[in-house]
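Trainee: I'd like a close look at the salt bridges in this one, together with the parts of the fold around them. Please take your time over it.

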Amino acid sequence: MAVKLNKKAFDHAKSLIRDNKVVIDTRDDWSEHAPSTQDENKFLDKNGSTEYSKWFLGIDDEHPEGQKGRYKFPYGDFKKIHRCAVISGESRASQRDHDDIREALGKLLDRLNEQ
């Protein structure tokens, strides 16, 4: 799997933090706060893959554009960035040796912790 940093999503996440569109939650809240598959499908159908992709810090180039499997490391609920998603993603990126994504998530977490 060739997963790389989605720079547009990283920029989008930074703009959400700058605009204070954040949820400062606890580490283990992501399982409850993550969008459901139904929510993901609705967002994708309504907004298209370009907007959908902005909510995922990883792109898996083994999957074609527009396919949900292409997008990895979600960081929010399509409205706000969630601290718990960033923490969860940073841990998974580290485990899978995706250093560029781990570093980006670390930077986002630093900004969120300043809130």
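Mentor: Let's start with E51, which is partly exposed at 32% relative accessibility. Keep in mind that we're looking at a predicted model. The partner of E51 is K54, and their closest N and O atoms sit 2.9 Å apart. K54 counts as partly exposed too, with 24% relative accessibility. Then there's a little network: D99, R102 and E103 are joined through salt bridges that share partners. In total the structure holds 5 salt bridges.

Now go to helix α1, where D11 and K14 pair up, N to O, at 3.5 Å. The two are 3 residues apart within that helix, so about one turn separates them. D11 is partly exposed, at 44% relative accessible area, whereas K14 is among the buried residues of α1.

The pair to compare with that one is K68 and E40, whose closest N and O atoms are 3.1 Å apart. Why does this bridge tie separate parts together? K68 belongs to the loop between β3 and β4 while E40 sits in helix α3, so the link spans 28 residues of sequence. K68 is partly exposed at 26%, but E40 is buried, with a relative accessible area of 17%. The cut-off for buried is under 20%, so E40 at 17% falls on the buried side of it.

And then there's a charge without a bridge. D25, in the loop between β2 and α2, is buried and makes no salt bridge. The nearest side chain of opposite charge is R83, and it is 5.7 Å away; a salt bridge would need the nitrogen and oxygen within 4 Å. What D25 does have is a polar side-chain atom 2.8 Å from the backbone nitrogen of C84. Setting aside residues up to four places away in sequence, D25 touches H33, H82, R83 and C84.

Back to α1, since it carries the D11–K14 bridge. This helix has 12 residues and reaches 16 Å from first C-alpha to last, close to the 16 Å expected at 1.5 Å a residue. At its N-terminal end N6 acts as a cap, with a side-chain oxygen 3.3 Å from the backbone nitrogen of K8. Just past the helix, N20 takes a positive phi of about 60°. The buried residues of α1 are A9, F10, H12, A13, K14, S15, L16 and I17. Among the elements covering them are β2, α3, β3, β5 and α5.

That takes us inside. L108 is in contact with K14, the bridge residue, and also with F10, A13, I17, L57, I81 and V86, leaving aside neighbours within four places in sequence. L108 is also one of the residues that touch the most other members of the largest nonpolar core, along with L57, Y75, I81, V86 and I101. That core has 28 residues, and β1, α1, α3, β3, β4, α4 and α5 each supply at least two of them. The largest share, 6 residues, comes from α5. If you want one spot to rotate around, try K14: its side chain meets D11 in a salt bridge, and K14 is in contact with L108.

Conventions. Residues numbered from 1 in each chain as written. Predicted model: local features only at pLDDT ≥ 70, side-chain atom pairs only at ≥ 80, totals over all residues. Heavy atoms only, no water. Core = buried A, V, L, I, M, F, W, Y, C linked by side-chain atoms within 4.5 Å. Buried < 20%, exposed > 50% of the residue type's maximum accessible area, 1.4 Å probe, protein only. Helix = DSSP H or I, 4+ residues; strand = E, 2+ residues; numbered from the N terminus. Contact = heavy atoms within 4.5 Å. Lys, Arg positive; Asp, Glu negative; His and termini not counted. Polar contact = N/O pair within 3.5 Å; in protein donor to acceptor, adjacent residues only side chain to side chain. Expected span 1.5 Å × (residues − 1).
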